[in-house]
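Take a look at the structure below. This short report walks through a few of its parts.

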Amino acid sequence: MKTPVRVAVTGAAGQIGYALLFRIASGEMLGKDQPVILQMLELPMEKAQAALKGVMMELEDCAFPLLAGMVGTDDPKVAFKDADYALLVGAMPRGPGMERKDLLLKNAEIFTVQGKALNDVASRNVKVLVVGNPANTNAYIAMKSAPSLKAANFTAMLRLDHNRALSQLANKANVAVADIKKMVVWGNHSPTMYPDYRFATVGGASLKDKINDADWNANTFIPVVGKRGAAIIEARGLSSAASAANAAIDHMRDWALGTNGEWVTMGVPSDGSYGIPEGVMYGVPVTCANGEYTRVEGLPVDEFSRAAMDKTLAELEEERSGVAHLL
Ligand code: NAD
Ligand code: LMR
């Protein structure tokens, strides 16, 4: 057996937390040979702490062989102590009629506090995934609040959008999801995101050639993927939870264990490529190996794509200026 690693999860008693923790403890995120110590953060309020206690009782009742320890706390410095992985989920979700950026000022402070706590106590190699919305800008805030950690280790979740895009494409082309490779979602986890299947293949052949429908791309595919979160809220009365937890597992598993050369989408601080200014937390295609992600470089950007990529960038820059006073 490997040495246990410490996995911090915030918002542990929330909807996503409930769909996430049991899968981490069962080895679906870091492998069936990797014991984990779960370090769970919730708000100090009595109701939140009681709910967290209940979740911990249920985790205990699963008798997971890989669960090597548990900590439940309302103190970020306890939750993040020596953390190897940190999944920052705890934040307010949006309700019907709201955009994710409407949460910006409500949630931003959480990420300054938690970024600082990570900076002070987490492992120097901690891998951070921000799920709480607006995820890209919250990840940017956390990264800026943690100057002694590697900026590249702060990431935002675009994987739900990536997975949503795969399913829409599989339905349209009548192919299996697993056969679609080289999907990309550029930019912000918001309706301005640009799901881009220009490079996608199925069985090695171009998926774009198979679908060949610019009108469907512009007027159905892109808006359906971009507004899927709102459609779920409309249908469920609550924001996505199981699919969000699943995407968080996919993101961390691939980052930790590798993608075998396959492309996945991660929101990462830009290195200046693709015309995206350095530091902007932007969805890009990556491959992962040996615990590191590497951008897929040199993809051509046509006129339609440039406009779409710049639109989502402009929104991220606007969000960033809205929180500049906190940094
Ligand atoms: P939820 O309200 O069910 O749970 C959030 C939990 O976080 C609550 O238990 C709350 O007490 C806790 N919390 C709030 N502030 C906290 C803090 N400072 N420290 C620790 N815990 C805190 O919400 P949810 O459905 O689990 O969603 C959580 C967040 O994830 C929301 O912001 C939602 O919009 C976002 N989300 C993002 C994606 C994505 O793809 N990036 C997908 C789905 C949901
Ligand atoms: C989603 O995409 O489902 C989440 O970001 C929740 C939301 O507010 O849309």
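## Around Leu 59

Which residues is Leu 59 in contact with, leaving aside its neighbours within four places in sequence? This is a predicted model, so the answer comes from computed positions. Leu 59 is in contact with Leu 21, Phe 22, Ala 25, Leu 38 and Met 40. Phe 64, Leu 67 and Met 70 complete the list.

## The nonpolar cores

Leu 59 also stands out in the largest nonpolar core, which has 78 residues. Together with Val 7 and Leu 87, Leu 59 touches the most other members. Helix H10, residues 242-257, gives the most to this core: eight residues. The core draws at least three residues from each of two domains. These are domain 1 (5-156) and domain 2 (158-326).

Another core lies apart from this one. That core has 29 residues, including Ala 8, Val 128, Ile 141 and Phe 154.

## A covered strand

Now turn to strand E12, residues 264-269. Six of its six residues are buried. Both faces of E12 are covered. On one side sit Val 264, Met 266 and Val 268. On the other are Thr 265, Gly 267 and Pro 269.

E12 pairs with strand E13, residues 281-289. The pairing is antiparallel and runs over six bridges. Val 264 has Val 286 as its bridge partner in E13.

## Asn 217 in helix H8

Helix H8 covers residues 214-226 and holds Asn 217. Is Asn 217 buried or exposed? Its relative accessibility is 14%, so Asn 217 counts as buried. The cut-off for buried is under 20%.

Not counting residues up to four places away in sequence, Asn 217 touches Tyr 197, Ile 222, Pro 223 and Phe 304.

Note on methods. Residues are numbered from 1 along each chain as its sequence is written. Chains are lettered from A and ligands numbered from 1 in the order in which they are written. This is a predicted model: local features need pLDDT of at least 70, side-chain atom pairs count only at pLDDT 80 or more; totals for chains, interfaces and linings use all residues. Side-chain values use heavy atoms; hydrogens and water are left out. Buried means under 20% relative accessible area, exposed over 50%, partly exposed in between (1.4 Å probe, protein chains only). Helices (H or I, at least four residues) and strands (E, at least two) are DSSP runs, numbered from the N terminus. Two strands pair if DSSP finds at least two bridges between them. Contact means heavy atoms within 4.5 Å. A nonpolar core is a set of buried Ala, Val, Leu, Ile, Met, Phe, Trp, Tyr and Cys residues joined through side-chain atoms within 4.5 Å. Domain bounds come from an automatic or database domain assignment.
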